Amino acid sequence: KQKLFEEFNTLSVIYEKPSEQFIEPQYRESKSDETNPVDEDFGLDDLDDSRPAADMHQNIVQETVANDNSADILGDLLDLGTNTTGSEAGNDSRWHLMSGASIDQNTFQSKWESLPQATFMDLHLCSTPTVEQLESAAGQQNIMCIASGDLGPEMKFYFYGQDSSLVFYFCEVGLTKSDSHFTAAIKTENPKHADEFANIMTTALMNFL
């Protein structure tokens with residue numbers, strides 16, 4: 001209870017658990033860092049803000065060099081009819097989610113608070129995955145989990161991904177255990193690809209649909 005009181009106005013209040021029981025280990029904030037502002041709505045202040053974003057510039061340069069014709073790359077990126085999934089990265093210059101995406105807690109929280117909702121998912125699954133199963137299935141599609149927790153009747157997750165244009169996508173998932181009801185709010189600075197992100201999340205759920 002003392003730990004929950006110390007973490008008041010964070011996700012610990014929502015989950016009624018200390019942050020170390022639901023925040024992914026790599027995102028936890030060290031006890032010596034007390035400088036992060038408290039956010040009453042989202043509450044990701046216990047995440048590790050010292051974790052740097054992945055070196056995406058190197059990744060995108062490697063993809064660009066692999067293709068000799070930059071005009072073709074631009075043409076492919078503007079092809080909105082692709083159904084490329086997150087796992088089909090490789091040298092494919094079409095829209096896709098990149099592997100190895102990473103983001104620090106301050107950026108995640110700031111973007112989530114400031115961006116409008118781009119699209120919404122509402123599904124009924126045939127079976128309810130565990131926290132670990134859903135995180136793993138999403139990760140295989142390059143959708144990374146920054147925080148998750150089992151609230152009893154419901155599980156909650158915060159996911160993110162980064163596309164081939166270095167644009168981030170943010171996702172809040174709620175999963176009701178009793179009826180396997182899955183909902184997801186998706187936010188991004190590039191709404192035109194929000195539905196494609198949702199399609200990739202649906203692909204991650206295929207074993208449970």
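Biologist: Why does L205 count as buried?

Modeller: This is a predicted model, and its relative accessibility for L205 is 0%. The cut-off for buried is under 20%. L205 therefore counts as buried.

Biologist: Where does L205 lie, and which residues does L205 touch?

Modeller: L205 lies in the segment after α7. Leaving out residues up to four places away in sequence, L205 touches L123, L125, L134 and F182. P129 is 76 residues from L205 in sequence, yet the two C-alpha atoms are 9.0 Å apart.

Biologist: F182 is one of those partners. What makes F182 stand out in the largest nonpolar core?

Modeller: The number of members touched. F159, V173 and F182 touch the most other members of this core, which has 28 residues. Elements that each supply at least two residues are α6 (131–139), β3 (154–162), β4, β5 and α7. The most comes from α7, with five residues. Beyond four places in sequence, the contacts of F182 include M121, L134, V173, M201 and L205.

Biologist: What else lies apart from that core?

Modeller: Another core, of twelve residues. Among them are A101, F108, W112 and Y158.

Biologist: What makes you say β4 is mostly covered?

Modeller: Seven of its nine residues are buried. Each of those seven is therefore under 20% relative accessible area. In the whole chain of 209 residues, buried residues make up 46%.

Biologist: How do you know that β3 and β4 pair?

Modeller: Pairing needs at least two bridges. Nine bridges join β3 to β4, so the two strands pair. They run antiparallel. One bridge sets F157 against V173 in β4.

Biologist: What about β4 and β5?

Modeller: Eight bridges, against the required two, so they count as a pair. The sense is antiparallel here too. E172 stands opposite A185 in β5.

Biologist: Which residues take a positive phi in these hairpins?

Modeller: L166 does so in the hairpin of β3 and β4, near 70°. That hairpin has five residues between the strands. In the hairpin of β4 and β5, S180 takes a positive phi near 55°. Four residues separate those strands.

Biologist: How many salt bridges does a search of the whole structure find?

Modeller: Two.

Biologist: What makes K111 and E189 a salt bridge?

Modeller: The closest N and O atoms are 2.4 Å apart. The limit is 4 Å. The pair is therefore a salt bridge. K111 lies in helix α5 (residues 105–114) and E189 in the loop between β5 (181–188) and α7 (194–204), so the pair ties together parts 78 residues apart in sequence. K111 has 26% relative accessibility, so this residue counts as partly exposed.

Biologist: How do you know that D150 and K177 form a salt bridge?

Modeller: Their closest N and O atoms are 2.6 Å apart. That is within 4 Å, so the pair qualifies. D150 lies in strand β2 (residues 144–150), and K177 in the loop between β4 (168–176) and β5. The pair therefore ties together parts that are 27 residues apart in sequence.

Biologist: Why are D150 and K177 called partly exposed?

Modeller: Partly exposed lies between the limits of 20% and 50%. D150 has a relative accessible area of 30%. K177 is at 32%. Both therefore count as partly exposed.

Biologist: What is the order of helices and strands?

Modeller: The pattern reads α-α-α-α-α-β-α-β-β-β-β-α. That is seven helices and five strands.

Terms used. Residues are numbered from 1 along each chain as its sequence is written. This is a predicted model: local features need pLDDT of at least 70, side-chain atom pairs count only at pLDDT 80 or more; totals for chains, interfaces and linings use all residues. Side-chain values use heavy atoms; hydrogens and water are left out. Buried means under 20% relative accessible area, exposed over 50%, partly exposed in between (1.4 Å probe, protein chains only). A salt bridge is a side-chain nitrogen of Lys or Arg within 4 Å of a carboxyl oxygen of Asp or Glu. Contact means heavy atoms within 4.5 Å. A nonpolar core is a set of buried Ala, Val, Leu, Ile, Met, Phe, Trp, Tyr and Cys residues joined through side-chain atoms within 4.5 Å.
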